[in-house]
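Hi everyone, thanks for coming. I'd like to walk you through a structure today, one piece at a time. Let me put it on the screen.

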Amino acid sequence: MTPYQSPPWRKLTKLSGGKGVKAEWQNFPAEFLAITNEQASAIPCNGRAGCYMNVVRHGPNDIVGICTSDAKQCDRRTIEKSELALYRVDHKKLATKIAEAIGFTEQHEKITGHTALWKFGVLNPQAEHSFPVYCFLGQTSSQLDKIVNQLCMGEQTFLLIAATSSLISTASSDASSRHKSKLIGIDDVLAVDGVGKVTAKGSAQTIVSNWLETVLPKSAKPGSEYQFPTPAGATWEQFVFEFTATEMLLVSCGQIQERLEPEHLKMKNQNSGKPTLQWTLLRSLATTGGSISWQDQDATDRVKKQKQELANKLKQTFGLSEDPVPWNEGEKAYKARFVIKAADNVLRQMVG
C-alpha cells in the first residue's frame with residue numbers, strides 16, 4: 001500500500017482555485033473532499049509527474065486525452081467522465097475535525113472581504129474570555145500576511161490556522177505575537193496515516209494551551225500549593241465542573257470561576273508529564289452524568305482505590321471535608337455531588 005505523503009495539506013496551496021480532479025488531489029484525505037458541478041479541461045497524464053493532457057471531446061461518451069508535452073511522451077488515451085470531475089475542500093467537515101482536535105465550538109462561515117478566509121468557530125476557555133478561530137485556505141504567504149495584518153488591526157485576540165505551517169512568515173508570526181494572537185498550520189493539528197485516516201495530533205491541545213497561558217489571567221497557577229478560592233459556607237452541590245478540553249477543566253462556584261489543568265489538582269505524573277488515573281476517572285464522570293459503576297470484582301477494587309484518591313485530592317484542592325463522590329445505594333454507583341460535564345466537541349473526543 002502506498003503511504004500518504006506527509007503532510008498532504010500542501011495540496012491546498014498547490015491547486016489553482018482550490019479545485020482539482022481526483023488525480024490531482026492524490027493523497028489528500030477523501031473525507032474532506034466535495035465534488036463540484038465543474039469539469040476539467042486538462043488532467044494529469046498517467047506517465048511522468050507534472051505532465052498534463054488536454055481533454056478532447058469527440059462525442060458525449062468519446063473523450064480522449066492528448067499529452068501536452070512537446071515530445072508527446074505520454075500515450076493518447078480514452079478518458080472516463082468520472083476522471084474530469086473537479087473536487088474542492090469540504091470546509092464544513094474540515095472545520096468539524098479541527099474543532100474536535102483543538103477543543104472549540106464550531107461556527108462555520110465564509111468571511112467576506114478576505115481571500116480564502118473562513119471562521120471555523122469560537123474558543124471559550126473561560127466564561128469571560130472567548131477567541132474566534134479562523135482558517136486560511138489560500139495559497140501564498142503574502143495572502144496570509146495581508147489577512148494577519150487586517151485581523152491585527154482589530155482589538156480581538158484570535159487563533160488562525162493556515163493551510164500549512166510553511167505559509168506562516170516571520171512577519172506574520174511576529175505581528176500575531178504582538179497582538180497576543182496565535183498562528184498554526186493544519187499540519188500542527190491533524191495527522192494522516194498510511195491508509196488515509198485522519199487523527200488529531202496529541203500536540204495540538206498543548207500548543208493552544210501554552211498560548212492561552214500567555215493571554216488569560218493567571219488566576220489559577222499550576223503548583224503543589226494551588227488552592228481553589230472556595231467561598232465560605234459553599235458545598236459541593238454549588239460547584240460546576242466542565243471540561244473545555246481533555247486536559248482543561250473550567251470550575252465554577254457562584255461568581256468564582258477558574259480554569260484548571262491536571263497539575264492544579266495534583267493529578268499530573270511528574271515523571272511522564274501525563275495526567276494520572278484520577279484525572280481519567282474525573283473525565284469518565286463527565287461522560288456518564290457524574291456516576292461511576294462497574295461490572296466485575298476486579299473493577300470494583302480498582303475503582304474504589306482510584307475513587308478514594310480522587311476524593312482526597314478534590315477535598316484538599318477545594319477545602320471541603322465532605323466526600324465529593326459518595327456511594328449511592330439506589331444507583332449502586334458512586335455519584336458526584338457536583339455537576340460535571342464536557343463541551344460537546346470535547347465529549348465526542350472522550351467517548352470516540
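Here is something to start with: which residues of helix α5 are buried? Before I answer, please keep in mind that this is a predicted model. The helix covers residues 170-178, and its buried residues are Ser-172, Ala-175 and Ser-176. Looking down the axis of α5, you find these buried residues within an arc of 95 degrees, so they line one face of the helix. That fits a familiar rule: an α-helix has 3.6 residues a turn, so residues three or four places apart point the same way.

What do the buried residues of α5 pack against? Their partners are α4, at 141-152, and β12, at 182-185. Now turn to the face that points away from the buried side, and you meet the exposed residues Thr-170 and Arg-178. Just past the helix, Lys-180 has a positive phi of about 65 degrees.

Lys-180 brings me to backbone angles. Gln-26 is not a glycine, yet its phi is positive, near 45 degrees. You'll find Gln-26 in the loop between α2 (22-25) and β2 (33-39). With 48% relative accessibility, Gln-26 counts as partly exposed. Lys-332, also not a glycine, has a positive phi of about 55 degrees, and its loop runs between β19 (327-328) and β20 (333-335).

On to the strands. One open sheet has three of them, in the order β1-β7-β2, with antiparallel pairing. The edges are β1, at 19-20, and β2; each has a single partner strand, so one side of each is left without a neighbour in the sheet. Between β2 and β7, residues 85-89, there are four bridges, and Leu-33 sits opposite Val-89 of β7.

Then there is the hairpin of β16 and β17. Five bridges join β16 (residues 248-253) to β17 (residues 256-260), and the two run antiparallel. Two residues lie between the strands, and in this hairpin Gly-254 takes a positive phi near 65 degrees. Across the pair, Leu-250 stands opposite Arg-259 of β17.

Hold on to Arg-259, please, as we move to charges. How many salt bridges does a search of the whole structure find? The count is 11. In one of them, Arg-259 pairs with Glu-261, with the closest N and O atoms 3.5 Å apart. Arg-259 is buried, at 6% relative accessibility, and Glu-261 also counts as buried, at 18%. Glu-213 joins these two in a network of salt bridges.

Another salt bridge brings together the side chains of Glu-100 and Arg-348, at 3.2 Å from N to O. This pair links distant parts of the chain: Glu-100 belongs to helix α3 (residues 91-102) and Arg-348 to helix α10 (residues 344-351), 248 residues apart. Arg-348 is partly exposed, with 42% relative accessibility.

Last topic: cysteines. How many disulfides does the search find? Zero, across the whole structure. Why is Cys-67 not bonded to Cys-51? The sulfur of Cys-51 is the closest cysteine sulfur to that of Cys-67, but at 3.3 Å it is too far for a bond. Cys-67 itself is buried, at 3% relative accessibility. For Cys-135, the closest cysteine sulfur is in Cys-152, 17 Å away and again too far for a bond. Cys-135 is buried as well, at 0%.

That's my tour, and I'm happy to take questions.

Definitions and conventions:
Residues numbered from 1 in each chain as written. Predicted model: local features only at pLDDT ≥ 70, side-chain atom pairs only at ≥ 80, totals over all residues. Heavy atoms only, no water. Buried < 20%, exposed > 50% of the residue type's maximum accessible area, 1.4 Å probe, protein only. Arc of directions from axis to C-beta. Contact = heavy atoms within 4.5 Å. Pairing = 2+ DSSP bridges. Disulfide = S-S within 2.5 Å. Salt bridge = Lys/Arg side-chain N within 4 Å of Asp/Glu carboxyl O.
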